[in-house]
Every structure is written in structure tokens, then in C-alpha cells.
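Visitor: I would like to learn how to read this model feature by feature. Could you take me through it?

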Amino acid sequence: MAQRAPLQRCRPGRQPPGHDGGPRILPSVTVTPRRDSDRLTVPSRGEGVVGWATEVIGGPTGRYGAIGRRGASYAVTVLSALASVFVALGVVQKHSCVEKGWGAPESLWRACYSDLAVGLTGNGGPWAAGGPGENQPMLTALLQWLLRQVTPTGSSLAVQQYYFAFGAVLIALAIAATVIALTAALPGTPWLAAHAALSPVLITASLVSMDAFGVALATVGLVLWMRDKPLAAGVLLGLAVMARSYPLIIVAAIVLVALRDGRSREMTRMLVGVAAAVGACLAVAIAVGGDPFAVYQNWNRAAAGYGSPWLVLSILKIKVDAATLTWLAVAGWLLALLVGAYLVRRPRHATPLPALVLTMLVIVMCTGKAFPVQQAIWVLPLLALIAMRWREHLVWAGVEIVYFVMTFLYIASSSDPNKGVAPAMYVVFAMVRLIAYAGLAWVSWETAEELADHQDPESARALEERLQRELSTAPGDDSVIVGGRA
């Protein structure tokens, strides 16, 4: 008996594949294709890129392999271990600095600069002169200060080496925590957490700063909200805000989605948790004599930083003062809120929270005063939650890694213009990077829709059955225009 070919997507008002131009199309029907769940549940078998990559560890899962028998804990163990390998590769990438120190310009020529080993000259508390509180939010400043207290004394290089080593361990643990949270949010597709554990950008960006700490807090908070724990989600997101400012975008996206869905009670509990966590952190900082607002005051006075489109204006000899840059960055946040408010007007199933967060986050990143290389790791958990295809992930990662190298060569060119990257070339790479992020946000909506169909198979099955009934009751042989004859 002949089998019916898979259904193909057909949007309203558009002719289906194979149609001869006649009036046989049903304009009111949206045809949803059969989803191949292999890409989500068995990536090595469903994605060519992943299948090729697994050749180094035995190849793709076989046709008769037992899928899911070991549970999500197995995926967590494997991915966490592999993530630590990627962090270790990051240490290797920075080997020159680990061996010789992080002094300029050598650390720039070798592209091994890291905040983890620089700026440790301050004495006293986190907010003392030269301390991390001058350029880091409260929780990150406190973490770096505590790390400094357990670092053995010795020569300047030895102190940097120990501090960098302890920081690398903490970052590996933070990435493992992120992986655990993602597998909890994706119980049927735990291997999607590989986007946060096995991304090539971990090698270059993860050890530049302590951003992984904020990423872990924000990811756990987002997952707690997705698992209907609004108060706990608010507390974790509040702590994340005190580690980095970007989690405010997650809070804003949750508020927009909650208002749309009529979940005002849960939204209120989440906001109470955020306020409590932020208030507690600020109170602790003030109680110990610190100034937790110093970092934001310094940001307000700062000029455009690397990666920002406003730095491109500076390179092009268009002067923009610090106050104007502050307003431009604030305008970027407002734009993100407006775009988010517009997107949530779409049907609920068409506006998944992770894709909304990613889109709003990209807008804020691309319009900020600075867009440093380490901020790349903020999008990794979102790529997992929207089931981004590895093909698109690796294209973006390739752009990010090339930009990473070009940035340090551009900074170092001030010491030797003949050896570094020219300003015009840096502008090109900076703009290509911004375009890559915009493309990442654009593609996220399609991939998130596919994951939603996979996680809600009953709805997808009901839609397909309704389509089959409409086709069977329509006059004529519509099987010709939808997937071929039976």
C-alpha cells in the first residue's frame, strides 16, 4: 500500500508546493508539517552538524539505540563534564598570559586578557579604592572580593595565577548549574542544554569575566518561572540583577507575558521576590560601608566601549558625549520594551517567553554603551530554550570568535599600528557582529515554534487531524496538492 507523503507547510493565501495554479487550495487552512523529533530528542541523529561532530566520540546514536532510558541525569553529567573541558580549553587559549602574566600589550596581542587576573591591587573591602565595586555590580564585586581573600599571597604573577585558577573553577561550576537548570526546563529534550555547555564561544569568552555567575542565576530564575514558582524565580532574578543588569530584561519580558496571560497574582509574587533580593543586597552593601551605586555612576560617566555601535561613530570622528550615550542606551531599553509589548500581542502559542527574552536582550546589547566579548555567553541558555539549530549557532559563534580576536588586535594596535587591526577593519567586524546578533533573534522565533509543537504533541496532532478532516470533506482530490496521492 502506498503511503501518504509528509504534509508540508502552507500558509493562508499561499499556494502549496506542487500546486498547478488551479483553485484547489483551501485558503482558511494552515498546514503544519510533521515534526521530526529526532533533532530535539536525539540531536546526533536529527542534525547533520551534530552527527558529524559526534564522530570523535563514537558517532551518532544508532537506529535501535534506547532513547531516554538513562534519564536527564545522564545528560546533565555528560554535558557538565564536557562544559568543564571547554572551560579548560579556555585556560589553554589563555596559556600565554597564565605563564607570563596579563600585562599589556602582550596580553592583547595574544588575545588572553581577562578581568579575573587584572585589577587586584585594591586593599580593604569590595568598595575600597581600586576594588571591584568600582566597576562591578554588588554581588559580582562581593564574589571577586571573597575570591581575593582566599587567594594565597606571593609574587604578583603568582597571585594572578591563583586568582585566575579559582575563578575558572567557579565559572565551570556556574556553567554546570546553568546546564542543570536547562535540563529541568527541557525534561523531554535535555540534550538541548548542550547549547550552553558545548558552545565554542565558551573557549574565548567564558574566562574574560565573571558573567557566567550572573548567567547561572538568571537561568535558574527564568526556569523557576517556567515551572510555576514565581516567588523563588523573583528571588533568583533579583540576585541576578545584582550580579549583572541584563536580567532586568528577563523580568520585563515575564511581566509582559504575565499581563497578557492574566497572571497578575504570579507576576506580583515574582516582583516581590525581585524587590526583596535587590533590597537585601543593597542593604548588606551599605551596612558594610560600601557604595553599591558607584558602578552605575561610573557607567553614566563612561564613554562608548568596544562592540558598541556608538564606538563606531567615535572611530568615524563623530563625537558623542557621555550624557548623550547614556540617553541612547536608555532609549535602547525603551525600544526593547516597546518591541516586547508589540510581540506579546501575537497569539500566546506564537510568542514563547525565551524567544521574547532573546529578542529584547539583543536590542539592549546592540544599543548599549559597550558590547564586550564576554556578553556572548548571555544568549547561550536562551539558544537552548528555543531549540536553536546548531547550524545557526555555529555561524553566530564563528562570527563571535573572529570578532574576539579582531577586538584585541585593534586595542593592541595603539602600541604598534603596523601590527594591529586598522580602525576601518574593526568597524567592519563590529557591524557584522551586530548583524549576526540580529539574525540570531530573527531565527529564534521559527525554532521556538518547532520546540513548542514538540512539547505539545496533542495540539499538533489535533491540528493535523482537523486538517485531514477538512481535506477529506472538500470536493475533489486535494491529496494531489498536499503531500501527493495516498
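Guide: Gladly! Let's begin with a term: contact means heavy atoms within 4.5 Å. Please keep in mind that this is a predicted model.

Visitor: Let me try that term on one residue. Which residues does tryptophan 396 touch, not counting residues up to four places away in sequence?

Guide: Tryptophan 396 touches Ser199 and Val201, then Ala376, Val379, Leu380 and Leu383, and finally Ala436, Tyr437 and Leu440. Several of these names come back when we turn to the core. The largest nonpolar core has 106 residues, and those with the most contacts inside it are Val379, Leu383, Trp396 and Tyr437.

Visitor: Which helix gives the largest share of this core?

Guide: Helix α18, residues 353-367, with 12 residues. Apart from this core lies another, of 20 residues, including Val208, Val373, Tyr410 and Val421.

Visitor: Val373 makes me curious about its surroundings. Where is threonine 407 found, and what is it in contact with, leaving aside neighbours within four places in sequence?

Guide: Threonine 407 is found in helix α20, residues 390-412. Its contacts, with those neighbours left aside, are Tyr306, Val373 and Tyr426. Buried means under 20% relative accessible area, so threonine 407, at 5%, is buried.

Visitor: Now the whole chain. How many helices and strands are there?

Guide: There are 22 helices and 0 strands. Of the 486 residues in the chain, 48% are buried. The chain exposes about 23000 Å², and carbon and sulfur atoms supply 63% of that area. Sequence separation is worth reading too: among contacts between residues at least 6 apart in sequence, 73% join residues at least 24 apart.

Visitor: And covalent links? How many disulfides does a search of the whole structure find?

Guide: The general idea first: a disulfide is a covalent bond between the sulfur atoms of two cysteines. Here the search finds 1. The disulfide joins cysteine 97 to cysteine 112, with an S to S distance of 1.8 Å. The pair links distant parts of the chain, 15 residues apart: cysteine 97 sits in helix α5 (residues 95-100), and cysteine 112 in the loop between α6 (106-109) and α7 (138-149). The link is right-handed, with 60° about the S-S bond.

Visitor: Are those two cysteines buried or exposed?

Guide: Cysteine 97 counts as buried at 1% relative accessibility, and cysteine 112 is buried at 0%. Cysteine 281 is buried too, at 7%, as is cysteine 366, at 14%.

Visitor: Which backbone features should I look at?

Guide: As background, most residues other than glycine have a negative phi, and most peptide bonds are trans. With that in mind, look at alanine 104 and proline 105, which are joined by a cis peptide bond with omega of about 0°. Proline 105 is found in the loop between α5 and α6.

Visitor: And which phi angles should I check?

Guide: Try aspartate 228, which is not a glycine yet has a positive phi of about 60°. Aspartate 228 is found in the loop between α11 (211-226) and α12 (230-241). Alanine 387 also has a positive phi of about 60°, although it is not a glycine. Alanine 387 is found in the loop between α19 (380-385) and α20.

Visitor: Buried or exposed, for aspartate 228 and alanine 387?

Guide: Aspartate 228 is exposed, with a relative accessible area of 55%, whereas alanine 387 counts as buried at 0%.

Key. Residues are numbered from 1 along each chain as its sequence is written. This is a predicted model: local features need pLDDT of at least 70, side-chain atom pairs count only at pLDDT 80 or more; totals for chains, interfaces and linings use all residues. Side-chain values use heavy atoms; hydrogens and water are left out. Helices (H or I, at least four residues) and strands (E, at least two) are DSSP runs, numbered from the N terminus. Buried means under 20% relative accessible area, exposed over 50%, partly exposed in between (1.4 Å probe, protein chains only). Accessible areas come from the Shrake-Rupley method with a 1.4 Å probe; for residues, only the protein chains shown count as cover. A disulfide is a pair of cysteine sulfur atoms within 2.5 Å. A nonpolar core is a set of buried Ala, Val, Leu, Ile, Met, Phe, Trp, Tyr and Cys residues joined through side-chain atoms within 4.5 Å.
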